[in-house]
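Open the viewer and get ready to click along. Each stop says what to select and what is there.

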Amino acid sequence: MMLPYLWLIPALPFAGFLVLSVLGRRMGNGPAAAVGVGSVGLSALVAILVASSFINAPPPAHVYTQTLWRWISVGGFAPGVMLYLDSLSLIMVLVVTVVGFLIHLYSAEFMAADDGYSRFFAYMNLFVGSMLVLVLAGNLLFLYLGWEGVGLCSYLLIGFWYREPENGAAAIKAFVVTRVGDTALAIGLFLIFINLGTLDIQRMMNLAALHWRPGGALPTIAAALLLGGAIGKSAQLPLQTWLPDAMAGPTPVSALIHAATMVTAGVYLIARTNVLFTMAPAVQIAVAVIGAATLLVSGMSALVQHDIKRVLAYSTISQIGYMFVALGVGAWSAAIFHFMTHAFFKALLFLGAGAVIAGLGGEHDIFRMGGLRRQMPLAFWCFLAGACSLSALPLVTAGFYSKGLILSSAWEAGRAGFWLWAAAIAGALLTSIYTFRLVFIVFFGEAKAKISKKPGPRAAIPLVILAFLSVAGGFVNFPAFFGIKGSMFFSRFLASALPSATYAAPLPETDLLLEAVAAIVSLAGIYVAYFFFLSSPEYSREMAGTAIGKVLKRFWFEDWGFDWLYEKTLAAPYRWLARTNRNDAVDLFYSFIAKVNMFFHYGLSLSQTGKVRFYAAVIALGAVVTITIAVFAR
Amino acid sequence: MELLWLIIAPFAGGVIAWLIDRIDGGDRRGLPARWVSLLALVFDLALLAAIWAGRHAGTGVGKYGAWFLQLKAGWIPEIGASFHLAMDGLSFLLVFLTVFLGIVSVAVSWNEIKDRVGFFHFNLLWCLAGVIGVFLALDLFLFYFFWEMMLVPMYFLIAVWGHERRRYAAMKFFIFTQLGGLVMLMAILGLYFIHGAQTGVYTFDYFSLIGTRMSAAAAFWLMLGFFTAFAVKLPAVPVHSWLPDAHTEAPTAGSVILAGLLLKTGAYGLLRFLVPLFPAASASFAPVAMAIGVAGILYGAILAFGQTDLKKLIADTSISHMGFILIGVFAWNSLALQGVVMQIICHAISTGMLFILAGALQERIHTRDMGLMGRLWEKVPVMGGVGMVFALASLGLPGLGNFVAEFLILLGAFKANPAMSVLAALGLIVSTVYALRMMQHVFHGEERRGWSLPDLSAREKGVAAAMIILIVWLGLFPQPVIDAASPALQGLEAIAGSQVKIISVAGLGRMTAPPAQASFYRTASGPLKSGALKGDKNERR
């Protein structure tokens, strides 16, 4: 029985962080990597053992909880430091530790030349620990600790190369924008505790179902506040602006935090508190609509970026949009399935991009790359596997199965279903186009630069493993119409933690048709990309040269003007106010009083002349005035 | 007698430190004075440990309610002033904090203060003694005595050992707090005479004055008198403007004591005196006070964001954090009150440490201008790491003590007044902005001057390590502090809550807290405990 060792999973990375932050500067690169990679590796190992124990000998009700200590206890408010393991958190833990370990291993090589080597692993370990707290927390306050912890690490790692002011600005932006969402989440916790008297997630949901009227004001406000937290963390409209800038961090950070794990925390939060969202239909529809809008908006933005990492960043925002659509239509396990496959292929794409960037000496611009297929075959094939999975290439990729499940779930979702499906299928077309635009421009065509460095074994192993997972990771959830034994295994495994989908699955025939459409769209997108970016690039240049093309390109490139809007309406006025009021307007009032006093002080001291004749004259004058008043004023 | 010793030790230590330095002639850079001061404070620490260990063994336990130690002696019987000290969990925590920060202050002055070392430590210790007195006094006359007593030494600390504009800052500090204190004195006298006229007993004793019957108008004005003094000290907007100057110009130890302790006497006054003495009046005043708190949180944060002077930035964040105290006190339920106690302690540690860092930087590069810093992480990574931890504490990161404090306050405030709580929660966003801007300007980004400076010394690292351990411990295991304060806070809630009941039973309609504010005391549960407190007025320990 491994379950009692559950606490070790988050504790090991935290221990690694402690060791590295105290002793790191005195360690060489070797020991620092050993601690940094080793702690997450051990954690992954424990997670796998716990998982096998959980599957082979399931605990009662498929739930295992472990209370480590009482955190706070004041007048009925008694959140504990409590871990909660069910099939949902188990999947999250496995993805976080395994993908986390692979990325750590990759980083050991990628960051080798950096002077902040041990600091990097300290932050990364802290991140993994916090992320594990987030997904294992049994109550919302402890979850909030992990939630803010991962936000902190995101800030620290985006700004890891602290010498560049732009990196610092990007890091601060990420922290502040997500904190806006976090504050909504915090207020949601206040509301939930004051009205239900607990922050324990399961008890909270039971009590809410018992005491709150579905569709009533309280569940709606509570769910909306949680959604606020989720869109901040998961970079959904309108709080998505921080994620593209977050690419300022080292590439493994983008892979781990800004693709595979942290940014999907919002998806996890909504899935975790699904009862609340089911009780607030208006909010749940909002989740789907936000997801659909985000996936389209970001998909278009991804189409015109030059920076390889920014393309992937917009793609991440867009893919999380798919997860939100799934959550919004109540297809909980579909969202988690797409989370998992996305973690594999997006981490792979980032790591592949990292190999390219490192090989070209830090080049990010895709138009200065090209023809890398021959020079970096390993990176190419791995990147291609990730790209196929992202584009949902039919049958052979994980992305096909997870995205297909979302598409067919959306189709069945009542009246809004068709429109959500239509948006998602349009998004699928965009996805294939921008993904293969990247593949064709970077790896095909003429070579524009020489590769100076190829990935060594510590970088290659994670690439290969992730490539395998990106292809085969979807086989755990074959759609039902295949009619084979073990279809929908993943969804059935999650059934003990998540309610079954709100809407019935489509008939096998319909499903087959929907999958076929998705497959055609995916292939069509690849062809479009081939046509415009490889075989006849002059057409794409021509299109971009037209008046509408120019405007759209600019608009999409600048992410639909969100940054501009926030700068003008929030950031600039706030800075202006702070700068103008630097000397504190309130203090003027007190200075004025002081000045008046000083005025009289100097005024009266002028009379102190030291001349006896002056004094005598004033005394006489005073006496005359006094007597006059005394005589006449009766 | 232990309580008296707690106050006498720093008093005597201060005098000895001054004398010994005069005799010594300052040849050994004031080492004897420093050691004497340290010794006096360590003595206090030992005394506190003994008090805490033996708190169940005392004869008065149980009978006194939440108090576990008291000392009552005649002082000026003619006017009914007595020398009445007492300690409950709340006082204990605050006195402990005082002694701890006192030791830290002596440690951080070790190299910084080279001039008139004896007199410096005299002022330092007398100020600490005054603060301890404030936290222990249960006679309003005595309380006022200590309240004023901590001012003068602090004035000298700023005016003699401060920075460029020290005279201006010291004067401003003195005038503001002195005026606030005078208003409180008038309110104390007003309460004294109303109580005397009613009962024929003229006394300044806390327990006797509790429950004094008076018209709603009288209660309101007297409450406002106390509020003025405490609001100036806290400080609350708009009487905050002495703070940035005083904190900025004070020497490091002065800033630590100002931010860590002197501000907290205002918070303590609100908890111990204002609400228990005038429960109905403060209940009706609560929305205004909470609005002032919210204004302070946001205004202080905007001020901090605009600063270029590092110490001034840190000082302005105090205005913001003290806004939470005001909200918590006037939410007056156990969640918020526990949050207030946590905030008092955690803010003292986090802001104190930030001031220590700013002082350490100024000692090395002789400027506080953030425009001249930048990329210091490269040069002083340990300092940068410590700065990061406390910047994060300042923005309320979970896992550090300040989060527990602010979360409890906001949670309690949400119960009392959701709108105010939501507005105050915006403080979480604006604090992020100023804290990260500070880190960016000081430690990250471009190198603006080619400073070369040493990292923290072993002594400074020791202080920093102690502070980090404390703030993390408070963030992850705050329960011991909560348990220590809990009986005392329940006692305060019971005192305030019972009076509202008594008044309403007496049918004095206008004095009752209006129904809208009835929830103000909803959590004040349990039987009336103040009766037991009143009964043992003449007990002596």
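Start with A:Asn195, which lies in helix 6 of chain A. Keep in mind that this is a predicted model.

Is A:Asn195 buried, exposed or partly exposed? Count its surroundings: 18 other C-beta atoms sit within 10 Å. Buried needs 20 or more and exposed needs 12 or fewer, so A:Asn195 is partly exposed. Now add A:Leu218 to the selection. It is 23 residues from A:Asn195 along the chain, and the two C-alpha atoms are 8.6 Å apart.

**Helix 6**

Select residues 165-196 of chain A, the whole of helix 6. Helix 6 has 32 residues. At 1.5 Å a residue, it should span 46 Å. Check the end C-alpha atoms: they are 46 Å apart, so the expected span agrees.

Now look for the bend. Click A:Val180, the centre of a kink of about 30 degrees in helix 6 of chain A. Then colour the helix by burial. Helix 6 of chain A is mostly covered, with 25 of its 32 residues buried. Step past its end to A:Gly197, which follows helix 6 and has a positive phi, near 75 degrees.

**Where chain A meets chain B**

Show both chains. Here 37 residues of chain A are in contact with 40 residues of chain B. Which helices of chain A each supply at least two residues to this side? Select helix 5 (140-158), helix 6, helix 25 (562-580) and helix 26 (585-606). Helix 6 of chain A gives the most, with 13 residues. Colour this side of chain A by residue type: 21 are nonpolar, 7 polar and 9 charged.

**Two helices side by side**

Two packed helices are described by the angle between their axes and the distance between the axes. Select helix 11 (residues 265-272) and helix 14 (residues 308-328) of chain A. Their axes come within 10 Å and cross at roughly 10 degrees. That makes helix 11 of chain A roughly parallel to helix 14 of chain A.

Show the side chains at the contact. Helix 11 of chain A brings A:Val267, A:Ile270 and A:Ala271, while helix 14 of chain A brings A:Ile320, A:Met323 and A:Leu327. The residues of this contact are 6 nonpolar, no polar and no charged.

**Last stop: A:Ile320**

Stay in helix 14 of chain A and pick A:Ile320. It has 32 C-beta neighbours inside 10 Å, so A:Ile320 counts as buried. Leaving aside neighbours within four places in sequence, A:Ile320 has contacts including A:Ser234, A:Val263 and A:Val267. Finally, find A:Leu8. It is 312 residues from A:Ile320 along the chain, with 30 Å between their C-alpha atoms.

Methods:
Residues numbered from 1 in each chain as written. Chains lettered and ligands numbered in written order. Predicted model: local features only at pLDDT ≥ 70, side-chain atom pairs only at ≥ 80, totals over all residues. Helix = DSSP H or I, 4+ residues; strand = E, 2+ residues; numbered from the N terminus. Expected span 1.5 Å × (residues − 1). Bend = angle between axes of the 7 residues up to and from the residue. Axes fitted to C-alpha atoms, helices over the stretch in contact; angles between N-to-C directions. Parallel < 35°, antiparallel > 145°, perpendicular 65-115°, else oblique. Contact = placed C-beta atoms within 7 Å. Nonpolar A, V, L, I, M, F, W, Y, C, P; charged D, E, K, R; others polar.
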